[in-house]
There are 2 protein chains.
Amino acid sequence: MTKIALQLLECAPSSESGPLAREKAENIADLLKAVADPTRLQILALIARSENQEACACNLTEPIGVSQPTISHHLKKMSEVGLVSRERRGTWVWYSLNKERWGQISDLFA
Amino acid sequence: MTKIALQLLECAPSSESGPLAREKAENIADLLKAVADPTRLQILALIARSENQEACACNLTEPIGVSQPTISHHLKKMSEVGLVSRERRGTWVWYSLNKERWGQISDLFA
DNA sequence: CAAGCTTATAGACAAGTATCTATAAAGAAG
DNA sequence: CTTCTTTATAGATACTTGTCTATAAGCTTG
């Protein structure tokens with residue numbers, strides 16, 4: 001009977017009360033929500049398999065098959081929670097995975 | 001420059017086309033959506049820190065502070081994606097973490 | 001600066017969902 | 001069988017969100 005180490009333990013309301021645990025749970029949920037969407041998973045996968053694990057926004061629209069504003073919207077959301085980093089290079093914008101943040105998600109379930 | 005091993009790679013549309021990758025991405029998204037909610041994270045954490053990593057539904061409502069039907073609803077959703085297992089014991093219903101499913105999430109981000 | 005590209009924002013709309021109250025269903029026990 | 005407790009379902013509501021079209025904003029280059 002292996003024990004699950006999950007970091008989520010800190011989400012449980014402590015003997016003290018609820019608010020703190022709740023706030024932490026909301027922060028984690030916000031992070032997970034940023035990943036819990038098929039289009040975003042495809043975007044992340046495309047970035048991850050790209051050279052240097054970064055991708056130009058211009059290369060995401062066509063293979064995924066949604067409109068350019070939709071891709072832009074998802075990238076913004078993921079960028080807001082720090083999952084991806086944005087870098088402008090002339091006309092184009094390149095996105096890359098933020099490994100620190102990614103590691104935090106990984107730790108949650110480790 | 002460490003490489004991210006992420007299993008999500010398979011979500012990326014292959015050279016062939018999109019549908020298969022899309023379907024896989026949707027499956028993963030469904031699983032992640034079942035966790036991407038603060039109340040559910042609190043439920044999971046409470047179960048995980050309980051003895052034998054199982055908890056009676058009756059012990060979840062009060063510490064989390066939402067109504068009994070709400071807890072029941074969340075448990076049903078998480079049970080539908082196989083994240084928790086349900087077992088009736090007389091009047092009470094006990095829920096436990098499904099470690100296999102949990103491991104699958106863990107692998108996604110490993 | 002004007003034209004042409006890429007990216008972001010605004011607004012609208014449909015679909016999903018977290019929560020509640022009210023009520024039903026399931027079991028145990030007198 | 002009736003009563004009591006626990007859990008699940010139904011229905012309603014308010015909020016969120018994924019997507020689109022239309023348009024603006026940023027850059028580059030003649």
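Q: What makes a residue such as A:F109 or B:W102 count as buried in this predicted model?
A: Buried means under 20% relative accessible area, with a 1.4 Å probe and protein chains only. A:F109 is buried by that rule, and B:W102 is buried as well. The model is a predicted one, and the values discussed here are computed from it.

Q: Why is the pair of A:F109 and B:W102 called tilted?
A: Rings pair if their centres lie within 6.5 Å, and planes that are neither under 30 degrees nor over 60 degrees apart count as tilted. By this rule there are three aromatic pairs over all chains. The rings of A:F109 and B:W102 have centres 5.2 Å apart and planes at 55 degrees, so the pair is tilted. This pair crosses between chains, running from helix α5 (residues 99–109) of chain A, which holds A:F109, to helix α5 (residues 99–109) of chain B, which holds B:W102.

Q: What makes the pair of A:F109 and B:F109 stacked?
A: Planes under 30 degrees apart count as stacked. For A:F109 and B:F109 the planes are at 10 degrees and the centres 5.9 Å apart, and the pair is accordingly stacked. It too crosses between chains, from A:F109 in helix α5 of chain A to B:F109 in helix α5 of chain B. Both A:F109 and B:F109 are buried.

Q: Which residues do the ring pairs link into a cluster?
A: The cluster consists of A:W102, A:F109, B:W102 and B:F109. Around B:F109, the residues touched, leaving out those up to four places away in sequence, are A:V35, A:W102, A:I105, A:S106, A:F109 and B:L32.

Q: Which residues have the most contacts inside the largest nonpolar core?
A: That core has 69 residues, and those with the most contacts inside it are A:L8, A:L41, A:L83, A:F109, B:L41, B:L83 and B:F109.

Q: How do you know that A:R86 and B:T70 make polar contacts with DNA strand C?
A: A polar contact is a pair of N or O atoms within 3.5 Å. An N or O atom in the side chain of A:R86 is 2.2 Å from a phosphate oxygen of DNA strand C, and the corresponding distance for B:T70 is 2.6 Å, so both pairs fall within the cut-off. A base is also reached, since a polar side-chain atom of A:Q68 lies 2.9 Å from a base nitrogen of DNA strand C.

Q: What surrounds DNA strand C, and which part of the strand do the close atoms belong to?
A: There are 24 residues around DNA strand C, and the closest are A:R86, A:Y95, B:R40, B:T70 and B:H74. Sugar and phosphate make up 76% of the strand's atoms that come within 4 Å of the protein. The residues of this surface divide into nine nonpolar, 10 polar and five charged.

Q: How do you know that A:D37, B:S72 and B:Y95 make polar contacts with DNA strand D?
A: The same cut-off of 3.5 Å applies. For A:D37, a polar side-chain atom lies 3.4 Å from a sugar or linking oxygen of DNA strand D. Phosphate oxygens of the strand are 3.0 Å from a side-chain N or O atom of B:S72 and 2.8 Å from a polar side-chain atom of B:Y95. Each of these distances is within 3.5 Å, so each pair qualifies.

Q: Which elements supply at least two residues each of the surface near DNA strand D?
A: They are α2 (38–49) and α4 (68–80) of chain A, together with α4 (68–80) and β3 (92–97) of chain B.

How values were computed. Residues numbered from 1 in each chain as written. Chains lettered and ligands numbered in written order. Predicted model: local features only at pLDDT ≥ 70, side-chain atom pairs only at ≥ 80, totals over all residues. Heavy atoms only, no water. Core = buried A, V, L, I, M, F, W, Y, C linked by side-chain atoms within 4.5 Å. Buried < 20%, exposed > 50% of the residue type's maximum accessible area, 1.4 Å probe, protein only. Contact = heavy atoms within 4.5 Å. Polar contact = N/O pair within 3.5 Å; in protein donor to acceptor, adjacent residues only side chain to side chain. Helix = DSSP H or I, 4+ residues; strand = E, 2+ residues; numbered from the N terminus. Phe/Tyr/Trp six-rings, centres within 6.5 Å; stacked < 30°, edge-to-face > 60°. Near = heavy atom within 4 Å. Nonpolar A, V, L, I, M, F, W, Y, C, P; charged D, E, K, R; others polar.
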